[in-house]
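Please look through the structure below, paying attention to how its parts meet one another. The paragraphs after it offer a careful walk through two of those meeting places.

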There are 2 protein chains.
Amino acid sequence: MESKRPDLRILTTPTAQVQVSGATLVDVARVAGVSPITVSRALNHPHLVRPNTLAKVQAAVQETGYVKNMLAGGLVSSRTKLVALMLPTISNQIFADMIQGTSDTLTEAGYQLLLGFSGYEEWREEILVETILSRRPDGIILTGTLHTDNTRRRLKLANTPVVETWDMTTTPIDMVIGFSHEEVGHATAAHLLQRGCRRFAILTASDPRAARRNQGLQVALAKQGVSVLATHVAPVPGTLPLGREGMAQLLQAHPALDAVVCSSDTLAHGALIEAASRGVRVPEQLKVVGFGDLNFSSHTVPPLTTVRVDGARIGTLAAQAILERLEHTAGQQPARAINTGFELVPRGSS
Amino acid sequence: MESKRPDLRILTTPTAQVQVSGATLVDVARVAGVSPITVSRALNHPHLVRPNTLAKVQAAVQETGYVKNMLAGGLVSSRTKLVALMLPTISNQIFADMIQGTSDTLTEAGYQLLLGFSGYEEWREEILVETILSRRPDGIILTGTLHTDNTRRRLKLANTPVVETWDMTTTPIDMVIGFSHEEVGHATAAHLLQRGCRRFAILTASDPRAARRNQGLQVALAKQGVSVLATHVAPVPGTLPLGREGMAQLLQAHPALDAVVCSSDTLAHGALIEAASRGVRVPEQLKVVGFGDLNFSSHTVPPLTTVRVDGARIGTLAAQAILERLEHTAGQQPARAINTGFELVPRGSS
DNA sequence: CTGTTAGCGCTTTCAA
DNA sequence: TTGAAAGCGCTAACAG
């Protein structure tokens, strides 16, 4: 590292335009003939500066090719304009939707998105949270409400807005935006029982929220004296072949099944293909329920029911919750919870 | 802002553990009884510190709940451990794959991912690049090779590793990892001509790289005296319904088509559904070509040919290129180009 | 192996 | 409306 910063290298381009590399506020100030703080103000609070001065600064910025350094700015102001989003994976379409929703909302407000994947593992999330916190983001969006004690403690100490998503809880770290997975299970049970199903199986990925839905399903079924005949657990992320294979095993062990509840539309899709290849008629003989509402199912598969959830909306709401919190700098608002709900909808076939 | 930093607030937890909020290196140093720089070294270069000292520091870190501040670190070291990825959208599965590939590679190396979406618009990309540069990332990954002059200039001046992806060019900003879209067009033409197709249509999203493929296709066809009968351009991002609708219009105008080249598998999928609903037999009467190799096509649609490209691999390679460049701090390596190639593969039906 | 010194580039006081 | 002084939290470069 050079001990003294060298003079700016002035590069004259063919268009006679002057370009500079690595200009700082001080350089801009010198060119504009004002003090550095005036440049800072002109850039961040233009209304506090005389139009004349503003113009001079803007010209100097142009001339020097100045690019703001948010590291320095964030260090002193404690505002990084950065929001972190932690997801288990991107393989699931609903998470991709969420990314887009979050990103769009943040970008519009001048914030940027830092992305991390935990692979459904709490210990990974713990490490990730620590790393992310070291960038002092203005907000953190987590997936789910299951976290290690360390993660929770760190996050609370960080004094940063935190939104837990895709779930509900009575003991949030800060804010929660999602829906109750137990209720999804109950609703699914009611839906299928009402249609006469009695011989249930579960085809699920090893995902904690899916487990909660299955739990809710089993509890609701038990109340009607119905129990689940078999549960097939596939590794995450769920894929179409895994769905086929799981369905094959379930049907082999229990040929008389009349309902299969899947933890994702991808698994459900695989299950439908396997059912078709075995000549099992869906939904007449066997009903299939998915989760996530992928739109492919609208055209190419036999009818199934899926749980419609809007990933983009959850992403948008989470980003908005953080942004709002950031505006009301005065006094901590009470932690907020939004139940986005869900919807059982018929899908598939034409 | 308080002019003097208050003493650390010591919070004693029920477990008699001591927690601190907002500890700095200096606090850790005080607790450990060493100098701040020693703490810094213990954390960043443990091998340069006596095991004994290391242990003391680690204990102090634990006790104070210290979380590194990378804003400060990055400001002085000019290393942010941040890599930016700019994508047009996440709606396309291949871009989701790329995100995962990039993120996995970066995380393993201790880097983090900053994500930005340009929505296929150059001016958005230009703004995004400016914002991103203000965070001084250690590397930037772009989609495509089409950028505004400002973007190119800024990026070159930034003196940061840049990788342009999903395309090839003879005039890269820095590095390129991708394949030639013209060649995809040529290969597609050869494939279809060889199978006897003569009446071509194009069903495409308004995406610049798709346009290059179509261009290549038309050039190759023209050499055999064949011209494209119609081109249907759908808005981005391509969806299944847009594919159906486009196919409907094409078939209506040109019932005798024998080949439809689509710019994505999603559009192709919609096209196949529309063909089926009109009783047009694929591939006997009409051949369909997609792009991207979505795996859904393996099971539920009639045979089509798709151009297989590996998004995750491109993401991984791009991240690796940046990481390698970052290690060889000595002397600029020559700009590097990797042609990842592509593959025409049969898909669909069972 | 450890410490001292000197900033990185910016924004927050406070004063003019 | 503008400026001067101070320092955010950290690490590079030397010494010791």
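What follows describes a predicted model, beginning with the contact between two chains and then turning to a DNA strand.

The contact between the chains draws on 38 residues from chain A and on 38 residues from chain B. On the side of chain A that touches chain B, at least two residues each are supplied by α4 (70-77), α5 (93-108), β4 (112-117), α6 (122-133) and α12 (297-300) of chain A. Of these contributors β4(A) gives the most, with six residues. Sorted by class, that side of chain A holds 18 nonpolar residues, 16 polar residues and four charged residues.

The strand β4(A) also deserves attention for its partner in the other chain, since it pairs in the antiparallel sense with strand β4 (residues 112-117) of chain B, over three bridges. Within this pairing, the residue that stands opposite A:L115 is B:L113, which belongs to β4(B).

The second meeting place is the surface near DNA strand D, where 25 residues lie around the strand and where A:T38, A:T53, B:L25, B:S40 and B:A72 come nearest. Both chains take part in this surface, with at least two residues supplied by each of α2 (36-44) and α4 of chain A and by each of α2 (36-44) and α4 (70-77) of chain B. The largest share comes from α4(B), which provides five residues. By class, the residues of the surface near DNA strand D divide into 13 nonpolar, nine polar and three charged.

Read together, these two places bring α4 of chain A into view twice, for this helix supplies residues to the side of chain A that touches chain B and also to the surface near DNA strand D.

Key:
Residues numbered from 1 in each chain as written. Chains lettered and ligands numbered in written order. Predicted model: local features only at pLDDT ≥ 70, side-chain atom pairs only at ≥ 80, totals over all residues. Contact = placed C-beta atoms within 7 Å. Helix = DSSP H or I, 4+ residues; strand = E, 2+ residues; numbered from the N terminus. Nonpolar A, V, L, I, M, F, W, Y, C, P; charged D, E, K, R; others polar. Pairing = 2+ DSSP bridges. Near = placed C-beta within 6 Å.
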